[in-house]
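User: I would like to learn how to read the architecture of a protein from its model. Could we work through the features together?

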Amino acid sequence: MSHDRPVAAVTGAGDGIGWATATALARSGHAVCLIDIDATKAAERAGELGDGHLGLGCDVTNEADVKGVFAKIGALFGRLDVLVNNAGIGSPHLPTTAQTLESFEKVLSIHLGGSFLCAREAHPLLKAGGHGAIVNISSIAGITGLPRRNAYGAAKAGIAMMTKSLACEWAADGIRVNAIAPGFVATALVKKLEADGFVDAPRLRRRIPMGRLADPAEIAEAIQFLASRAASYITGTVLSVDGGWAAFGDAGDASSAD
Ligand code: NAD
């Protein structure tokens, strides 16, 4: 593995926003470590990017898995410049009275615990380079209240706050820590919510000032910006990339989309 190129690790890189981000980072000259609970998909996706990229199977909630992945990145590449904490799942969308503690803890564990573990294990490598960047993935669900999405909203709000506390703690180590708060993005996760009847797509589009869902590549562009030297004085911020969702405070529809 080349040690000349900057190295980026992206969790949940097998699909959706993570895959779009891995693609964008590879295009901008990074060697990309694609980390996913689905090891086969991670390896296939790395193959699609070409030589010099690496697919690694890892459950971000499993401490031994996470330690193993960053040890391997250190051994193979000898450096890490960018970490994107993207792996995640949706929440069950049930009324709170029907939610189980098990599913609540699972959502928190993947989003919040996984981001914590990966940041902690990536820290020595990011610090060694002197200019590391972490981009976490929060959500409009971490900024505004979405009914029935207790665990997901709490996890995403927690990620926003952990972003700020890590940014302050690790600024002295040359590591910038920022987050993106996407609105609704047309990924498999959202398409499944729509297929399962949890999302009314036309109604959703009308709630978005820009009248449409984001393409995963649009989220990847914003992640790439925060990870890049172009954002060299930005740390501790949570950037909304939501077509205006969180800015809208009026009654009724925000757009006339159908
Ligand atoms: P996705 O389902 O398309 O992809 C998620 C990837 O994460 C999958 O490849 C999956 O295998 C992997 N993954 C799941 N659990 C994992 C684990 N424990 N360890 C490692 N990998 C795991 O999802 P997406 O829509 O691209 O979402 C990516 C991130 O963006 C998530 O954190 C999600 O909460 C956030 N987000 C998505 C939207 C949206 O509208 N899609 C909006 C706001 C925030």
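Analyst: Let us begin with a helix, keeping in mind that this is a predicted model. In α5 (residues 150-170), A151, Y152, G153, A155, K156, I159, A160, M162, T163, L166, A167 and W170 are buried, and the buried residues of this helix pack against α4 (101-129), β5 (133-137), β6 (176-182) and β7 (238-241).

User: How many Å should the 21 residues of helix α5 span, and how far apart are its end C-alpha atoms?

Analyst: The expected span is 1.5 Å times one less than the number of residues. For the 21 residues of α5 this gives 30 Å, and because the end C-alpha atoms are 29 Å apart, the expected and computed values agree.

User: Turning to the sheet, in what order do its strands lie?

Analyst: Strands of a sheet pair through backbone hydrogen bonds, either parallel or antiparallel. Here seven strands form an open sheet with parallel pairing, and their order is β3-β2-β1-β4-β5-β6-β7. The edges are formed by β3 (54-57) and β7, each of which pairs on one side only. Direction ignored, neighbouring strands of this sheet are turned by 20° against each other on average.

User: Which residues stand opposite each other in the paired strands, and how many bridges join β1 to β4?

Analyst: Let us follow the pairings one by one. Strand β1 (residues 7-11) pairs with strand β2 (residues 31-36) in the parallel sense over five bridges, and within that pairing V10 stands opposite L34 of β2. V10 also has V84 as its bridge partner in β4, where three bridges join the parallel strands β1 and β4. V84 in turn stands opposite V135 in β5, and β4 and β5 pair in the parallel sense over four bridges. Towards the edge strand β3, four bridges join it to β2, again in parallel, with L56 of β3 as the bridge partner of I35.

User: Which faces of β4 and β3 are covered, and which are uncovered?

Analyst: Both faces of β4 are covered, since V82 and V84 on one side and L83 and N85 on the other are all buried, a term that requires under 20% relative accessible area. Strand β3, by comparison, has a covered face with L54 and L56 and an uncovered one with G55 and G57.

User: What should I note about the loop between β4 and α4, where S91 has its place: is S91 buried or exposed?

Analyst: S91 lies in the loop that connects β4 with α4, and its relative accessible area of 7% is the reason it counts as buried. Leaving aside residues up to four places away in sequence, S91 touches V107, R149 and Y152; Y152 is also one of the buried residues of α5.

User: How should I describe two helices that pack, and at what angle do α1 and α8 pack?

Analyst: Two packed helices are described by the angle between their axes and the distance between the axes. Helix α1 (residues 16-27) and helix α8 (residues 216-227) pack at about 55°, their axes lying 8 Å apart, and they are therefore oblique to each other. Their crossing is right-handed, and the contact is made by G16, I17, A20, T21, A24 and L25 of α1 together with P216, A217, I219, A220, I223 and Q224 of α8.

User: At what angle do α1 and α2 pack, and at what angle do α3 and α4 pack?

Analyst: With helix α2 (residues 39-49), α1 makes an angle of about 30°, with the axes 11 Å apart; the two are therefore roughly parallel to each other, the cut-off being under 35 degrees. The crossing of α1 past α2 is right-handed, and W19, A22, T23 and A26 of α1 make the contact with R45, E48 and L49 of α2. Helix α3 (residues 63-77) packs with α4 at about 25°, the axes being 9 Å apart, and these helices are therefore roughly parallel to each other as well. Their crossing is right-handed, and E63, V66, K67, F70, I73 and G74 in α3 meet L117, C118, R120, E121, A122 and L125 in α4.

Terms used. Residues numbered from 1 in each chain as written. Predicted model: local features only at pLDDT ≥ 70, side-chain atom pairs only at ≥ 80, totals over all residues. Heavy atoms only, no water. Buried < 20%, exposed > 50% of the residue type's maximum accessible area, 1.4 Å probe, protein only. Contact = heavy atoms within 4.5 Å. Pairing = 2+ DSSP bridges. Axes fitted to C-alpha atoms, helices over the stretch in contact; angles between N-to-C directions. Parallel < 35°, antiparallel > 145°, perpendicular 65-115°, else oblique. Left-handed = near helix turned anticlockwise from the far one by under 90°.
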